Amino acid sequence: MAKAIVQKITMQDAKVKFGNIALTNYYQVNFSVLKQTITNYLERIIGLSNSRMFLSREAGILCSEASLPASAFNTSEVNDSFMGIPQEFANTRLYTDIDFTFYIDNDYSLLRIFEGWMDYISNGSDVDIDDKSYYRRFRYPDDYKVDTMSIVKFERDYGPQLQYDFKNAFPKAINSIPVSYGTADILKVTVTFNYDRYVVNRTLKSRNTKSGILGT
């Protein structure tokens, strides 16, 4: 059994360690282009002709809050391998939903895209939405999931980066948006996304390189 070693830390050591801690406000969110069927629906039903490029180019800039993803294992317990000692073994990788908060532009394009995207998912019936006999029919996942949604975490010197690619993502929920009289504030919306899995791409760049956010 390894023995714990207590050692003295000098002020210089503390400066070196705590002077290189990562910060929370350097990140960028990216969306792959929406499928053509979704953009056609948004243009036909909601009148949005720029949704295809708006989401891939503007949404990431308007993302005011994001989270790096959580991950866990589902486990099975085994009690008879060693007497009196229960053990757990991983059997399934679990991926939890992730929230992104966005500033809403003054023509509500981003909010209308997310609302329309969710409406497209559940609006596969041929009955007019205003008809009394209207019902919900959900589309196939391949029709409404985007190939990749990503968040890149970097630092002010554009050194080592982490890029989380979320595969087959779609909006699962739009949180309520409070409005009120009184002091004006920026309107924001939080959208919960579900995804099949994520992949971490670790990018190592020299700390004196400042050519861009994404590295290869």
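**View 1. Here are the residues around the largest pocket of this predicted model.** Ile177, Pro178, Val179, Ser180, Gly182, Thr183, Ala184, Asp185, Ile186, Leu187 and Lys188 line the largest pocket. Sort that lining by chemistry and you get 6 nonpolar, 3 polar and 2 charged residues. How much space lies in the largest pocket? The answer is about 240 Å³.

**View 2. This one zooms in on strand β8, residues 188–194.** Most of the strand is covered, with 5 of its 7 residues buried. Strand β5, which spans residues 98–103, runs antiparallel to β8, and 6 bridges join the two. To find one spot on that seam, look for Thr101: its bridge partner in β8 is Thr190. β8 also pairs with strand β7, residues 161–174. That pairing is antiparallel too, and it covers 4 bridges. Here you can pick out Phe170, which stands opposite Asn194 of β8.

**View 3. Now we take a closer look at Thr192, a residue of strand β8.** Is Thr192 buried or exposed? Its relative accessibility is 12%, and the cut-off for buried is under 20%, so Thr192 counts as buried. Leave out residues up to four places away in sequence, and you'll still find Thr192 touching Asp97, Ile98 and Asp99, along with Phe170, Pro171, Lys172, Ala173 and Asn175. Two of those names sit in strands you've already met: Ile98 falls within β5, residues 98–103, and Phe170 within β7, residues 161–174.

**View 4. Next up is Glu115, a residue of helix α5.** The helix covers residues 109–122. Glu115 has a relative accessible area of 44%, so this residue is partly exposed. Which distance links Glu115 and Pro171 in space? From C-alpha to C-alpha they are 9.1 Å apart, although 56 residues separate them in sequence. Pro171 should ring a bell, as it is among the residues that Thr192 touches.

**View 5. The last view is about how confident the predictor is along the protein chain.** The mean pLDDT of the chain is 82, and 86% of its residues reach 70 or more. Where is confidence lowest, and where is it highest? Helix α1, residues 11–18, is at the bottom with a mean of 68, while β8 is at the top with 95. Keep an eye on residues 206–216 as well, where the pLDDT is below 50. Beyond near neighbours in sequence, that stretch has 26 contacts in the model. Don't read predicted coordinates in detail where pLDDT is low.

How values were computed: Residues are numbered from 1 along each chain as its sequence is written. This is a predicted model: local features need pLDDT of at least 70, side-chain atom pairs count only at pLDDT 80 or more; totals for chains, interfaces and linings use all residues. Side-chain values use heavy atoms; hydrogens and water are left out. Buried means under 20% relative accessible area, exposed over 50%, partly exposed in between (1.4 Å probe, protein chains only). Two strands pair if DSSP finds at least two bridges between them. pLDDT is the predictor's confidence in each residue, from 0 to 100. Contact means heavy atoms within 4.5 Å. On a 1 Å grid over the protein atoms alone, a cavity is a set of points where a 1.4 Å probe fits but cannot get out, and a pocket is an open set with protein on both sides within 12 Å along at least five of seven lines; lining residues have an atom within 4 Å of a point. Grid points are joined across faces, edges and corners, and a volume is the space filled by probe spheres set on the points. Ala, Val, Leu, Ile, Met, Phe, Trp, Tyr, Cys and Pro count as nonpolar, Asp, Glu, Lys and Arg as charged, and the others, Gly among them, as polar.
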